[in-house]
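The exercises below concern how two chains meet in one model, and each task is followed by a solution in steps. Please work through them with the structure open.

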Protein chains: 2
Amino acid sequence: MSFEPLRGYLRNSASADLIAALLVSLLLVPQALAYAQLAGLPAVAGLYASILPLAVYAWLGGSAGVALSLGPVAILSLMTAAALQPLAAAGSAAYMAGAVMLTALVGLFLLAMSILRLGVLANFLSHPVIAGFVSGSAILIAASQLGHLLGIRGAGQSLPDLLPSLWAQLDQVHLPTLLLGLGSICFLLTLRQLHRCGLPVRLAGWLVRLGALLLVLLGIAASALFGLEALGVRVVGTVPAGLPPLTLPPLDLQLLRELWPAALLIALVGFVESVSIAQSLEARRRRSVNPDQELCGQAGANLAAAFTGGFPVAASFSRSALALETPVATPRVGLWVAALMLGAALGLAPLLQHLPQAVLAASILVAILGLIDLRTLRRTWRYSRQDGVAQLVTLVGVLAHGVEAGIVLGVGLSLLLFLWRTSRPHIAVIGLLPGSEHFRNVERFDTLDSATVLSLRVDESLYFPNARYLEERIAELVAARPQARHVVLQCSGVNLIDASALDSLETIGARLASAGLQLHFSEVKGPVMDRLKRSDFLERFGGQVFVSQYQALATLDPELIARNRAL
Amino acid sequence: MSFEPLRGYLRNSASADLIAALLVSLLLVPQALAYAQLAGLPAVAGLYASILPLAVYAWLGGSAGVALSLGPVAILSLMTAAALQPLAAAGSAAYMAGAVMLTALVGLFLLAMSILRLGVLANFLSHPVIAGFVSGSAILIAASQLGHLLGIRGAGQSLPDLLPSLWAQLDQVHLPTLLLGLGSICFLLTLRQLHRCGLPVRLAGWLVRLGALLLVLLGIAASALFGLEALGVRVVGTVPAGLPPLTLPPLDLQLLRELWPAALLIALVGFVESVSIAQSLEARRRRSVNPDQELCGQAGANLAAAFTGGFPVAASFSRSALALETPVATPRVGLWVAALMLGAALGLAPLLQHLPQAVLAASILVAILGLIDLRTLRRTWRYSRQDGVAQLVTLVGVLAHGVEAGIVLGVGLSLLLFLWRTSRPHIAVIGLLPGSEHFRNVERFDTLDSATVLSLRVDESLYFPNARYLEERIAELVAARPQARHVVLQCSGVNLIDASALDSLETIGARLASAGLQLHFSEVKGPVMDRLKRSDFLERFGGQVFVSQYQALATLDPELIARNRAL
């Protein structure tokens, strides 16, 4: 940045950016503290993860015209805890080292995906799987905070782990902590109802947004004034004030082997969520998103996070949308947020030691409720059983076996269901729509049918999962029409014929020939035809390839076409 | 079978069946002995596996009008050895127990697949993967017999295991064994050339078929006469004469856990091979094959094999084709073969102790050569790079990592390649073929194009791997045509719209609308339309669904259609 543009920036947009950054920071401070607790990290790690990573991301540009608001997010924090809890006790040095390694791996995976232009990998997470994953994770997050709310210690990466451990300690519930937690929840829920009490909508909206920060400040004040710590209420505890420490991932191959699958999933989920947020925000401004550029920004941010405490970061929808509300804000908002968070880390640290954990748990619980979305599940189920099953299995998988197993299960199942679905393709007998040149399913339309020509439309690419089925089905259809002399496959729905299907077509052609029938094709698409020409199939199968099904009938059954013209 | 049909059978077909059974048995005896050696089992286990299993299969019927000729086959024997060698030393009691458990599991998997009608699972083994697997296995089988031929002991489930172990013992090569082995190979190869020396073709053919049996008998005679065993030539060794022992799978959960993946693969491979053989044989008789019935027969045969020694069985192409050469043979051939093999087990057992292992190795080597088929690889590669890669990776995977890893690699890769291929679908801009009602790719044909209507044909089902790509691609195409007011997606190639793609279509519709364009569809297939009607998409997207692309243009750009009519 040379001086001239800097001066122009300071004159024109700096004040708008600063205002947007202030709004974002007011939201980010309580979230950063709470999500650090969720990840099993010291509260201040959330603040650290909101400084250098944001600056790096703002500098690298990200995918969007206006940079997304990065930082700790709930689901990645849960995934971090799930990856690290089996390896070490939360808060221990080994746990911290694991967090640094995990974040570095996330950054490296994103960097590799960016270099290899593998942003397309994110597409394998289907919408139903993501929706199921988010709802399941939200429920799991809520359950993981119950312990903090009750003043007991429950740990586990799935409901079957977590709930019994909470149940066993139910007699040790700490009443002051529980009251404080319930009070905090009531405070936040009440703020959300204020707009119903005649308060101006804009003011009420701001009170809801500032609610979490107000609660944190009130919690610190109450804790300090009434000596809640002495009553046994667990607090965040002493926090080293100052700049984020410079951390380096440990050179531990064993740790690397244990953490890379979790890191890969965190990278994918963080990337998918960020790109979705960027797309939905940029669509409002009629701009498009460059996923590979986004990968690069995310990679830089996570590598920066690895060097300053270790806590995977991604874009947050609520904070990004907030930054966009200031219409003239530029991508440099992120730099201002980073500066403000640095101030918060320096200024807040001494106060944080009094902050009760139950207050953070309450703010997580209230924030997370909106993510539990069972209506989508009903809608998906109604539209497609298979997609509904994939969504439900992902949700239940996350609850029953944890985040990693849940998402792997969901992705695997959606692939299997797709293959299953294509392994028995819809094959329609088609006939001529009278008076037109179009062919339609004889079972759905009144059509003109030829006695000697059997017209079939295959509604699927021909490839290995359905190659054998095609052989069986055509044999059945031909057997039911003893008068047929020609079989014409309309290939408008065939986008691919792979080597297995080519073998099957040869078999079908030979079998039909031995029964006195000739196989033909129509409406073969260009790319499919190009490939067929590379084999010797076209010379050997003995039939013709027609440009359209109508052409085929005009050649093979001219009488029918004459009757059609007469209509 | 009541008496009347039995009497009729004996009068009419029994003699033909007996002749077919004799021919099959002459082929089966040496193969059974050799494949048992390949599987690491005592030679007589091959004979045992050819008695009860064949009888059960003949009784259950199998898939074909004429039952296939079941028994030990080369590839399953190799897979058996690969599964058991890591667990115990070949020939040990633990190895035998493992073989029984493995065969029982194979039978149970086949039974489960039969009950659940999961014959369709076999379709996931694509033709290129099977071809690569067979070629790779054949090379591995040949390598595994080199030790027997050289008189040294080499073991391993892949070339990197096997070859160094042979190399290290190269100084211990046993010359008499090597000479015997090479002599046996020369004998078999010479028989194959006899038809060139003026011998009648039929007679020469029979000499080739009987070659392996002749070699076994010659080997036994030479070994006994010249006392080869005393020279250090390894022989099959003492064999318990008599009926197959009744064996039960051990109740060992640990063993079960270790063997089930191998058993599942053996079941799938054996089933696919058997169904392929049945289909190609039945096609000659213009009958079709019932895969679920075949599963039932194979399941019974393998369970029977588990109770009589333990050695997985499947259909053999050479033997099944031989049985078919006697045109009047009935499915009861299998019963006769079982009876003859019982005789062979009783009569041959005392002689077998003198049979040199090198003779069996030679007969395996010569038999297996025909399975190494690199020409298919070249053909597949030329037709489709992806299929070629899948075939090559399977072949190399089998050689480098063994049979199980090879096939899993091949199947996984072909699925991934398919998804990759569909994740960036071909999207063509289409125009009207002048004077017709048909639309074609504007880059391949001279077409009439509308300025205000952008016609797009998507050559792929719309589902999660390509949902996001569709959004990006349509945005690009629209950006290049500022005059366009309507976008019509011709859906003749769209066989499915899943929940993710439905979300993407909503996004696309909304973005187009915000840029002043309207989205429409044409030629939506019945099943896809039925599903769309279950969502509220059709009411909300604001456009129309036309029965054909021509209809769409007639409505949206009547001027163009008028010009076309004038042509």
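**Exercise 1.** Determine how many residue pairs are in polar contact between chain B and chain A, and how the residues on the chain B side divide by class.

Solution. This is a predicted model, and the pairs are counted with both residues at pLDDT 80 or more, which gives 26 residue pairs in polar contact between chain B and chain A. Sorting the side of chain B that touches chain A by class then yields 25 nonpolar, 22 polar and 22 charged residues.

**Exercise 2.** Describe the extent of the contact between the two chains, and state which residues of chain B lose the most area to chain A.

Solution. Begin with the residues taking part: chain B contributes 69 residues to the contact, and chain A contributes 69 residues. Next, take the area, which is about 6,500 Å² buried between chain B and chain A, with 54% of it on carbon and sulfur atoms. Within chain B, the residues that lose the most area to chain A are Y383(B), F464(B) and R468(B), and together they account for 14% of what that side buries.

**Exercise 3.** Find the number of salt bridges in the whole structure and between the chains, then place the one formed by K525(B).

Solution. Over all chains the structure holds 16 salt bridges, and the count between chain B and chain A is 6. In the pair formed by K525(B) and D459(A), the closest N and O atoms are 3.0 Å apart, inside the 4 Å limit for a salt bridge. K525(B) lies in the loop between β7 (518–522) and α21 (526–533) of chain B, while D459(A) lies in the loop between β5 (453–458) and α19 (464–479) of chain A.

**Exercise 4.** Characterise residues 453–563 of chain A, and state the confidence scores of the model.

Solution. UniProt, in an unreviewed entry, lists these residues of chain A as "domain: STAS". Over residues 453–563 the chain is 51% helix and 16% strand, with the end C-alpha atoms 15 Å apart. As to confidence, the mean pLDDT of chain A is 85, with 94% of its residues at 70 or more, and the model scores ipTM 0.75 and pTM 0.74.

Notes. Residues are numbered from 1 along each chain as its sequence is written. Chains are lettered from A and ligands numbered from 1 in the order in which they are written. This is a predicted model: local features need pLDDT of at least 70, side-chain atom pairs count only at pLDDT 80 or more; totals for chains, interfaces and linings use all residues. Side-chain values use heavy atoms; hydrogens and water are left out. Contact means heavy atoms within 4.5 Å. Buried area is the accessible area (1.4 Å probe) that two parts lose on being put together, summed over both. A salt bridge is a side-chain nitrogen of Lys or Arg within 4 Å of a carboxyl oxygen of Asp or Glu. A polar contact is a pair of N or O atoms within 3.5 Å; within protein, one must be able to donate a hydrogen and the other to accept it, and residues adjacent in sequence count only if both atoms are side-chain atoms. Ala, Val, Leu, Ile, Met, Phe, Trp, Tyr, Cys and Pro count as nonpolar, Asp, Glu, Lys and Arg as charged, and the others, Gly among them, as polar. pLDDT is the predictor's confidence in each residue, from 0 to 100. UniProt positions are given in the numbering used here, feature names are shortened, and annotations may be inferred rather than shown by experiment. Helices (H or I, at least four residues) and strands (E, at least two) are DSSP runs, numbered from the N terminus.
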